[in-house]
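Welcome! Have the model open beside you and try each exercise before reading its solution.

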Amino acid sequence: MSQPFDIVIFGGAGDLAYRKLLPALYRTVAEGKLPNGSRMIACCRNPDDVATYHEKAYAALREHLSEGEYKSDCAKQFQQHLQSFELDIGSADQRWQNMAELLDSEADRVRVYYLAIPPTIFGVCCQNLHAFKLINANSRVVVEKPLGYNAASANAINEEIARYFDESAIYRIDHYLGKETVQNLMALRFTNVIFEHLWDAKTIDHVQISISETVGLEGRAGFYNEAGALRDMVQNHLLQLLCLVAMESPHKMKASSIRAEKVKVLEALRPLRGDDVLRNTVRGQYVAGNHKGKLVPGYLEELGEASSNTETFVALRAHIDNWRWARVPFYLRTGKRMKQRCAEIVIQYKEVSHRVYDAEAGALTPNRLIIRLQPEESIQLTMMAKDLDTLDMRLQPAALNLNFSDTYKRFKSDAYKRLILDAVAANPSLFIHRDEVEHAWAWIDPIIEAWQSSDDTPHLYRAGTWGPPESDELLAEYGSAWFNAG
Ligand code: BG6
């Protein structure tokens, strides 16, 4: 990428900008991937933020880059690209005109408008971009989740954006798709013949997709208490991972083919309604507990409320009704304040059909393919092998390991960096099509409705654990257990 571009961050003084976008852009500078002359324009409503933006940006980089990454000469270089801009998104005033003039001074450039703002103001933002003639053939808009609160609101948001931008210029981010191991999942599946024959109901017993977090509300109480774990994590990240595990091979690694295959998976997800929801889902909410020897508060204390039915944990069993996946349960799980931060996909194979070793050789553990997205990025295949420490025929589990942090010493993965550069390069493969968002909501909505009309409340779990014990029962019913990291 050698041509300079402009990226305009609406919500420049927001949490997302400070925590994720500025560090990602810093990394593009550090890796020499930001072409000379490119501009990062951070829009802030509050004049104080505009005046102190550079100091705040330095502070954000120091706080959010990993150890050793922050280098003052690189930070200075980064700041040369950065400018703050006072703008009230909702007022169609002179400041929008100033923005138009600023961007028109480099009219031929790619322009990326990053909407790091609440979806309630996506519409007015796009409308003003249009009214002040800021949208041209080189413009793209990047929108952040949450895209809606249910199918109807997602549809309304998509309609509003579509009034001003063509679908091909709309980049809906799910940052999980920018994680390197997620892309590696596709590489693994579609370039290795061994897996194609071991990727269906004949050989796979079940699939687990789990994202556990150790953090709590992190200052997002208002948003989170309205959303809950199902909307915040399952509707987007977990269902996207499920699609990548379950989809058929696309015809080509191009956006339209990949998205079409993902939509087919979402269409084949067996709907959960009414009693099925209660049988196949478990909601949880954390109470105070210990994390790494430190007492952390419960959800209600963090929230400052006496009661709330919001789930901070959800586990569910899903089925994909198609030929490949008939009767294979997909278990999805996510939660805040869990024992460890970890995101992984576990493909659990079936047991061998006939045991040839006698009992003295030891128990047989079925093969597992463990695709870990974080904290480190790795792929592991567990198998049974002979214990070489004894002449007796003893079997023990062994693992084939591919640890990307070991293999690629300089490997510094950053999903946002990757996705921003993809949006600049007009590569939508790792972004979400409108159809995917709407299908995902159509599956999620009835679950929420069933929860709301039931008298059940979330099961309580202690912070620092793997969630409520009821979630273990979901798997135990089918003779399985969660694979917990560590
Ligand atoms: C976001 C959710 O989409 O993903 C957050 O809104 C969550 O609640 C975050 O903490 C997790 O992302 P990551 O990359 O840290 O696992």
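The exercises below go from a sheet and its helices to the contact between two domains.

This is a predicted model, in which local features need pLDDT of at least 70 and side-chain atom pairs count only at pLDDT 80 or more, while totals for chains, interfaces and linings use all residues. Residues are numbered from 1 along each chain as its sequence is written, and side-chain values use heavy atoms, leaving out hydrogens and water.

**Exercise 1. Work out the strand order of the open sheet and find which strands stand at its edges.**

Step 1: Helices (H or I, at least four residues) and strands (E, at least two) are DSSP runs, numbered from the N terminus. Two strands pair if DSSP finds at least two bridges between them.

Step 2: Reading across the 6 strands gives β3-β2-β1-β4-β5-β6, with parallel pairing.

Step 3: The edges are β3 (82-86) and β6 (170-172); each has a single partner strand, so one side of each is left without a neighbour in the sheet.

Step 4: From one strand to the next, the twist averages 20 degrees. Angles run from 0 to 180 degrees between N-to-C directions, with axes fitted to C-alpha atoms (for helices, over the stretch in contact).

Step 5: Now look at β6 and its pairing with β5 (residues 139-143), which is parallel over 3 bridges. Val143 has Arg172 of β6 as its bridge partner.

**Exercise 2. Find which strands α1 and α4 touch or lie across.**

Step 1: Start with α1 (residues 15-30), which lies across β1 (5-10), β2 (39-44), β3 and β4 (110-115) and runs at about 165 degrees to β1.

Step 2: Move on to α4 (residues 72-81), which packs on the sheet and touches β2 and β3 (contact means heavy atoms within 4.5 Å). The direction of α4 makes about 40 degrees with that of β3.

**Exercise 3. Describe how domain 1 and domain 2 meet.**

Step 1: Set the bounds, which come from an automatic or database domain assignment: domain 1 is 5-173 and domain 2 is 180-412 + 433-477. Their centres, taken over C-alpha atoms, are 32 Å apart.

Step 2: In the contact, 19 residues of domain 1 face 15 residues of domain 2.

Step 3: Count the salt bridges (a side-chain nitrogen of Lys or Arg within 4 Å of a carboxyl oxygen of Asp or Glu): there are 3 between the domains. Separately, look at the side chains of Lys145 and Asp232, which form a salt bridge at 3.0 Å, N to O.

Step 4: On the side of domain 1 that touches domain 2, α1 and α7 (151-162) each supply at least two residues. The largest share, 6 residues, comes from α7.
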